[in-house]
Amino acid sequence: MEQLITLIEDQSPFVQGLLASAVFALATWLFRAFKQKMQKTGVALLRGYEYQEVAKHWLHKNYVRSNNAILANHGISFVALQAFRYCLLGALIFIFFFGVDFALAGKWLLVLASWFAFNAFLEAFTWVRDSSDPKRIEKIDEEIKKAFYSSLPANAPESLNQSGGPEISANKQIQPTAEAAAD
């Protein structure tokens with residue numbers, strides 16, 4: 001172990017930075033692979049994440065990508081708010097661990113804080129990227145999708161109607177007025 005540390009310390013700062021980035025990328029990739037594996041096995045802990053994926057899909061499909069500027073503006077505003085929430089959480093995690101690091105004078109906590117903050121920023125990115133493609137949620141259990149869609153108000157796009165089927169999407173609900181069509 002000491003030989004490995006000595007070998008790394010003998011490298012230039014650029015190579016050390018590359019090694020640190022590679023370790024960081026590997027840890028992030030392992031976390032993502034673990035998360036996907038857990039989602040596939042249907043662990044109850046991750047059912048909340050699946051519900052959130054359905055919400056992201058619905059929001060992007062019916063609001064962010066809407067042909068109606070007002071609906072698109074509402075969707076983009078909500079996505080930005082959710083993304084900011086995770087960015088703020090990431091900053092708070094980093095600040096917390098930064099404070100603990102100073103209290104304990106152990107630099108390894110900065111690595112841990114960076115990893116948690118990085119994953120919070122990745123979650124913020126999942127709110128911003130386009131989630132309207134049905135393939136994004138095809139592996140999610142139908143029960144979770146139905147729970148999400150049934151929790152929507154009756155007038156919301158794709159809410160479950162009395163017969164249990166989905167309503168039409170927001171893009172198909174909005175009919176342009178004669179004045180708008182003339183423009």
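This is a short tour of a predicted model, moving from a surface patch to a helix and then to the salt bridges.

**Stop 1: the nonpolar patch**

Start by selecting M1, L4, I5, L7, I8 and L19, and turn on a surface: together they make a nonpolar patch of about 580 Å². Now colour helix α1, residues 2-9. With 4 residues, helix α1 gives the most to this patch. Click on L4, which sits in helix α1. Is L4 buried or partly exposed? Its relative accessible area is 45%, so L4 counts as partly exposed.

**Stop 2: helix α5**

Next, select residues 108-128, which form helix α5. You have 21 residues here, and the distance from the first C-alpha to the last is 31 Å. That is close to the 30 Å expected at 1.5 Å a residue. Show the side chains and look for the buried ones, including L109, A113, A117 and A120. Further along, L122, E123, A124, T126 and W127 are among the buried residues too. Keep E123 displayed, as it belongs to a network of salt bridges with E53, K56 and R136.

**Stop 3: the network around E53**

Side chains of opposite charge can pair when their charged atoms come close. The model has 4 salt bridges in total, and E53 is a good place to begin looking at them.

Select E53 and K56 together: their side chains meet in a salt bridge, at 3.4 Å from N to O. Both residues lie in helix α3, residues 47-64, and being 3 residues apart they are about one turn of the helix from each other. Both E53 and K56 are buried.

Now add R136. What is the separation of the closest N and O atoms of E53 and R136? For this salt bridge it is 2.7 Å. The pair links distant parts of the chain, since E53 is in helix α3 while R136 is in the loop between α5 and α6, 83 residues apart. Their surroundings are worth a look as well: E53 has a relative accessible area of 12% and is therefore buried, whereas R136, at 27%, is partly exposed.

**Stop 4: a pair in helix α6**

Finish by selecting E142 and K145, which form a salt bridge with the closest N and O atoms 3.1 Å apart. The two are 3 residues apart in helix α6, so about one helical turn separates them. Switch on the surface once more: K145 is buried at 10% relative accessibility, while E142 is exposed at 53%.

Key: Residues numbered from 1 in each chain as written. Predicted model: local features only at pLDDT ≥ 70, side-chain atom pairs only at ≥ 80, totals over all residues. Heavy atoms only, no water. Expected span 1.5 Å × (residues − 1). Buried < 20%, exposed > 50% of the residue type's maximum accessible area, 1.4 Å probe, protein only. Patch = residues over 30% accessible without salt bridge, like charges linked within 9 Å, V, L, I, M, F, W, Y side chains within 5 Å. Areas by Shrake-Rupley, 256 points an atom, 1.4 Å probe, with all protein chains shown as cover.
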